[in-house]
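Open the model in your viewer, switch to a cartoon view and come along for a short tour. We will visit a sheet and then two pockets.

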Amino acid sequence: MQQHEYVVIRSTSPITRSPGAMAGRQPTLAATAPEVIDIEEVGLTSREHADLRRDPRTRAIARSMPMKLITPTEVADAAPAAGDATWGVEAVGATDTPFDGAGITVAVLDTGIDPSHPAFAGVDIVQKNFTTEGDNDSHGHGTHVAGTIFGQDVDGLRVGVAPGVERALIGKVLGAGGGSSASIARAIQWAVNEGAHVVSMSLGIDFPGFVKLLIEREGLDVEPATSIALEQYRANVNLFTALADTVQAHGAFGQGTLIVAASGNESRRPEFEIAASPPAAGTGVLAVGALGESADGLSVARFSNNEVDVAAPGVDVISAKPGGGLVSMSGTSMATPHVAGVAALWAQKLRDTTGRVESGTLLAQVVASGTTAPLAAGTEEEDIGTGIVRVPLS
């Protein structure tokens, strides 16, 4: 019988009956401690798949789909800009806050990082490679993203929203051939287990690539291949929703984590707009749209997907370049680390005021920080969510 590769999220916590439960009712998982979750990529027949779906321990099950980098729409060499900080750092208010991210751990799941870049001097960088390539960044995307979150000043220019971050978890999940939803799920689990308060992801599902794979490897025609891909796209949305739910539940018992993800660059405004793709489409994952500067105020970037929760600077963003120096990039990939940096500052405030960081509270604070005040008139809510995120000022 034919097998397919699936990602399975299962609880390994003991099953118990609720007090007073009637005989014959479905058993439930104990809720006195955070669930212990296991993420596996396994080959399953249709019968085995059906059995796992009926298992009360199964939280989500989906075929592993290819993931790809949300490629920047523009890349250009950059020299230090006029002023003391990039426009994005200033736009979110990071130059006006007493918080700098000290004591907060952030995770960047991307193409890796150039750990020798001066922007990361003094940061405890913990690397884990989920690809078959070398550990460090050979693309430049991950280094740029990390620089925007916690980078130190480069040639006198502030590029990082939260430059006080002292510990960063760098999960290399994308190589030259992309990655998979299975490796992304395992990387999120690793980041949470390592104590990440914030997880930043600028990547998305490669839907056309999965359709092509079904046609080439399984000999399917275009119509059934597309239908199967749509079904598994939905299953992967549920997969990341379940993962976000698990992360938030874990935060109720211990360290909370917020997952931030790019919405994608497939829109071509004003011709058409595309909705955010997984993992950003998962409920509980903070989906980010991109903004650029204009004569009328901040405006939604032409490429930015909609149905987002918040927005941030994502056009002509200057940050770290592998090998040293600076580079300018545009994309929702560049907006996402601004939000991750802002989240790190809110996490610092929560820890300082309450002694802990709880996932739901952190999510609510970041979403509530959004404002439409600096945005151009006529901006639609589905394009920017609550607006451009802002740091805590006191």
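Before the first stop, one term: two strands count as paired if DSSP finds at least two bridges between them. Keep in mind, too, that this is a predicted model.

**Stop 1: a sheet.** Select 317-320, which is β18, and 326-330, which is β19. These two strands pair in the antiparallel sense over four bridges. To see one of the contacts, click S319: its bridge partner in β19 is V327. Now add 74-78, strand β7, and you have an open, antiparallel sheet of three strands in the order β7-β19-β18. β7 and β18 stand at the edges with a single partner strand each, so one side of each has no neighbour in the sheet. On average, neighbouring strands here are turned by 35° against each other, direction ignored.

Next, show residues 141-150. This is helix α3, which lies across β18 and β19 and runs at about 100° to β18.

**Stop 2: the largest pocket.** Select Y6, H49, R53, E231 and Q232, the lining residues nearest its centre. The space here is about 470 Å³, lined by 23 residues. β1, α1, β5 and α6 each give two or more of them. Colour by class and you will find eight nonpolar, nine polar and six charged residues.

**Stop 3: the second largest pocket.** Which residues lie nearest its centre? Pick S64, P66, F210, L213 and R217. This pocket has a volume of about 340 Å³, and α5 (207-218) gives the most to its lining, with four residues. The lining comprises five nonpolar, seven polar and seven charged residues.

Methods: Residues numbered from 1 in each chain as written. Predicted model: local features only at pLDDT ≥ 70, side-chain atom pairs only at ≥ 80, totals over all residues. Heavy atoms only, no water. Axes fitted to C-alpha atoms, helices over the stretch in contact; angles between N-to-C directions. Contact = heavy atoms within 4.5 Å. 1 Å grid on protein atoms, 1.4 Å probe; cavity = no way out; pocket = protein on both sides within 12 Å on 5 of 7 lines; lining within 4 Å. Points joined across faces, edges and corners; volume = space filled by probe spheres on them. Nonpolar A, V, L, I, M, F, W, Y, C, P; charged D, E, K, R; others polar.
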